[in-house]
Structure formats: structure tokens, C-alpha cells
Amino acid sequence: MTSRHIAVVGGGPGGLYVARLIKRAKPEWRVTVYEHNAAADTFGFGVGLTETTLRALAAADPESAETIQAAGHRGGRMDMLVGDAFRMAGSGADIAIGRATLLGLLRAHAEDAGVRIVMRHAELTDVDADVVVAADGVRSRIRDKLGVELAAEVRVDDVRYLWCGARFALPAATFTAATTDYGTFVAHSYPYDDEHSTFLIETDEATWRAAGFDREVATGESDEESLDFLSAAFAQVLGGSRLLGNATRWQQFATVRAGRWSHGNVVLLGDAAHTAHYSIGSGTKLALEDAIALADAVTGIPDLAEAFAEYERRRRPRVERLQAIAERSQQWWKDFPRRIGLPAAVLVTSFMTRSGNVSVEQFASSRPEAVIAAAVGLGIDVTPADAADPERLAAAVLGAPLPAAGTSALPRRLVETADRVGWCAENGVSVALFHLPLTVTAQVALEAIKELVADGADGAWLTGPDTPAAVHARLGLAERVRLELAVPVGIDLPRALRSVAVGAVLSGRTDLVHLT
């Protein structure tokens, strides 16, 4: 086939970008973007793009990348405003940009390349073309229509969140919490131009219902009552400004996974194929990086089935890795209210190492002051020389005593003997051994450990399988035991994960470690 008609369904960042890239590579092809909304109906506020994504954009299309970079707001400091504020300098390599600004730039670049854009296209599931790119978002009607063929799965979280903004630029990316009469609300916020900031605010369902937010809001309108309430709750961060809405309503995050990304002449892109939790700022990033790989494959490989297979082969491993990271970050934020009493530096260390994407040694090499402060907050002596050397850091952290555990201090955090219970007993602490199989939920395990503590145990020691999923489940449970029951907790980890053990102690996930 010498000429093709490419129909892109969905005029978001990924759809517009893939259309431009295909048209630039194959000017003789007909490329059309079909968008359900009008051009002026742009929802949301700021989005983030990482340094890695910006490099990929520059390599794929220098012209559009230059305009995106120029319109972006450079990242900088990060503030954790919980209890004692902790401020940390950033690299400045990432950017944030208004979603409306980004869409306007990508739409203009697509049209300059010769792409036809059809706005307010009512029916998006029956487009006739040689290739149909389903870039119609997390609620993709095309994916749902082919749900069986694509083996698609959508899992909805029970946390409620809303995406809003404010008419002033925060001095830094800011994470903070507001404790109200109904429960705790957590805000992720950052500036995206010189006059505006994005606020993404979340809470658990019980708090959401207790506050009376479980009510109907007219379609297309913002939940002004919630915005008023949250403006008051976060007044200190807002500095007198009010939160702004743009069809802003409470939502539940949906994790999308598709067993296959294509069927026949239809191929999925971006949120239609996969989602990763907003706490790692990945939605726009993934869509744009998908667009680069799909455009390369479709314009470089004549056979469609082979092109789609190459696109998926190239992208799926990266996407699944990011989804795994995002899932751990998502759980960390769900548990955030339990950590409010931690020292700020411990909280920051926990935040930076929450998903396993950044090791504590990497964090220490770039922000030694944060790791040293976290150690001080836990009563551990770590020097600048220790923070600069992974071996010294491990020795300092795992060799440090655990004060005031039970009736006497434990001499070190690393337990070398397999008889963890006996080792603790020799030092005057009674811990209950608890094996956590993957079939047991954290809540069920926590209730069982509560009973053991009520029966006289000073703390708990957690064992279980050594698969990545089992290790992360064990770490999560250890932290809940430590924070909710206020007793010392130990954990078995594979010896190969000594770095994880150091990070787990410094971030307050566990008190003691045995390396198996």
C-alpha cells in the first residue's frame, strides 16, 4: 500500500503528536484527528514532562520540542509541608506546562504538517480508515468495544481525587496535608507557569463521604462546594487564593491494562492502552512516548500486524515497569495520613524511595542532607562521609542500635541470626513471628498481629516469599504495624536487597532487618 488514511481518534497530546509525526514522515498519507470536544473545551490545568521525555521529544521532532520547552515552567525546589517543613532543591531539568497551552501547540504543529483536525466529532467508534489509532483516553469507547479481543481490564481505586488549580505560582512543587473534622486531605501541587499552579487533592472514601461530597454535580460544572471547603482547608498553602475549577469533580483513578494493544487495523495509544497513577506524573509522558514508537513503527514497517507488534514490543516493557512503580506510589499515598507524625526528613526519604525507582543510595548521593536528617530523626548517627559511600551508609544504618524497644535497647538494626525471635528475646523484647503469604490481605494480617500484641508481644517479625510482589507487600505491612500499633517491627528480606533494607529503615518502614 503506497498511501494510507490514518484516523486518530482523540485530540489529546498523544493523538495530536502521533498524527504530526506520521504526517511528517509520510506527507502523502492522509492523516485525520477526530476529537469529541470543541477546541475551547480543554479540561485540566498543568501537566509535567520529565527530562527523559523532553529528550525523546527533541530527538523525534526538534521543531515542536523547542516550542514546548519554551512554553514550559522549569521545575525547582520540592517542599514537604507536613509537621516541620522540609525543603529540597530540584534538578531543574523537568518542566510543567498548562494542558491547554500544550494542546494548542500540538494542534498548531499537527495542522502545520498537514493533519486534518475534526472537532466535535460525535461518533468515535466507527471511523473508516486503513489505520485507526485509539487515543481516546482512559474511558476509551473503542477499547471498550473491543474489550474481549484486547483482553482489556479496568480497575477503579477507592480513593477520591479532584484536579483543580490556583491563580498564583507556588514557589516549589509542594506536598502537604490538611486534617479536618472529617479526616485528612492530601494535596500534590506545583506551578505550571508564572501565574498558575495545579492542585491535585485526594482523600479516602470515608472522609469524602463524611464531608458530604457524595452528591450529584451537574455535568460540565465544577463542584464549587468542595472547592470552597478545600480552599479553606489549604488556606496556608494558598496564601489567600481560592482553588479554581474547570469541570472539576471528584473522580476515582482507573488503572487500565490491555492484554493486547491492537486488533485488526485498530491500535491503542496512551491512556486507552494503559494508565499509571498520577502521583508519578506519567499520563502525558506515556502518551507522547507511545506516539513516537507508534509513528516509527507504522511509517517504517509496511505490514500493519508487524508494525503494531513492533510498537508493542518496544513500549510494553517500559510501560509495565512504570505501572509497577506507579502502583507502589499509589499505595504510598493511600497510606500517607498514617505518616503525618513522622519527622519531615524521614517522610521525604520515604517519599523518594516509595516506589523502588530511586534507591536510598541514589537519593543520598544527590541529597545527602535529607538522608542525614532522616537518620537523625530516627536516632541514627550518619555522617556526610557515610552518606557518600553505600557501604558506609549500610553499616551506619544497619549497625545502629534501636533505642527504647520494649524493656531495653536492641544493639543493632541488622539481625544476623535466623532465630529472629530468640535474638530479640535475648535482648529483652518479645516479638511474634508472622508469615505473610500473598493470599492474605494487609488488613487481615494487621488484625492478626493486633491480637498477638494484645496477648503480650512487644512487636512483630514478618516473613514470607521473596518475590518482588511479596517483598513489597511485607514492607507495606511492616510500616502499617509500626505506625498503627506503635511497636517495633522486623522484616525478612533477600540478601540481594540490602539496599532496600537500608532504605526501609531510613524511611520508617521497619525497625529491624534480617537478610535471608
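Is the crossing of α18 and α19 left-handed or right-handed? Keep that in mind as you turn this predicted model on your screen, and let us start with how the two helices meet.

Two packed helices are described by the angle between their axes and the distance between the axes. Here, α18 and α19 pack at an angle of about 45°, and their axes lie 10 Å apart. Angles under 35 degrees would count as roughly parallel and those from 65 to 115 as roughly perpendicular, so α18 is oblique to α19. As for the opening question, the crossing of α18 and α19 is right-handed.

If you would like to display the contact, select Ala 442, Gln 443, Ala 445, Leu 446, Ile 449, Lys 450 and Val 453 on α18. Their counterparts on α19 are Leu 477, Arg 480, Val 481, Glu 484 and Leu 485. Sorted by class, this contact comprises 8 nonpolar residues, 1 polar residue and 3 charged residues.

Both helices also take part in a pocket, so to speak, and that is our next stop. The second largest pocket has a volume of about 1200 Å³. Its lining counts 47 residues, and Arg 328, Gln 331, His 472, Ala 473 and Gly 476 are the ones that lie nearest the centre. Which elements give two or more residues to this lining? They are the strand β10 (152-166) and the helices α11 (304-334), α18 (442-454), α19 (468-485) and α20 (498-506). Of these, α19 gives the most, with 10 residues. The lining of the second largest pocket is mixed in character, with 20 nonpolar, 14 polar and 13 charged residues.

How values were computed:
Residues numbered from 1 in each chain as written. Predicted model: local features only at pLDDT ≥ 70, side-chain atom pairs only at ≥ 80, totals over all residues. Heavy atoms only, no water. 1 Å grid on protein atoms, 1.4 Å probe; cavity = no way out; pocket = protein on both sides within 12 Å on 5 of 7 lines; lining within 4 Å. Points joined across faces, edges and corners; volume = space filled by probe spheres on them. Helix = DSSP H or I, 4+ residues; strand = E, 2+ residues; numbered from the N terminus. Nonpolar A, V, L, I, M, F, W, Y, C, P; charged D, E, K, R; others polar. Axes fitted to C-alpha atoms, helices over the stretch in contact; angles between N-to-C directions. Parallel < 35°, antiparallel > 145°, perpendicular 65-115°, else oblique. Left-handed = near helix turned anticlockwise from the far one by under 90°. Contact = heavy atoms within 4.5 Å.
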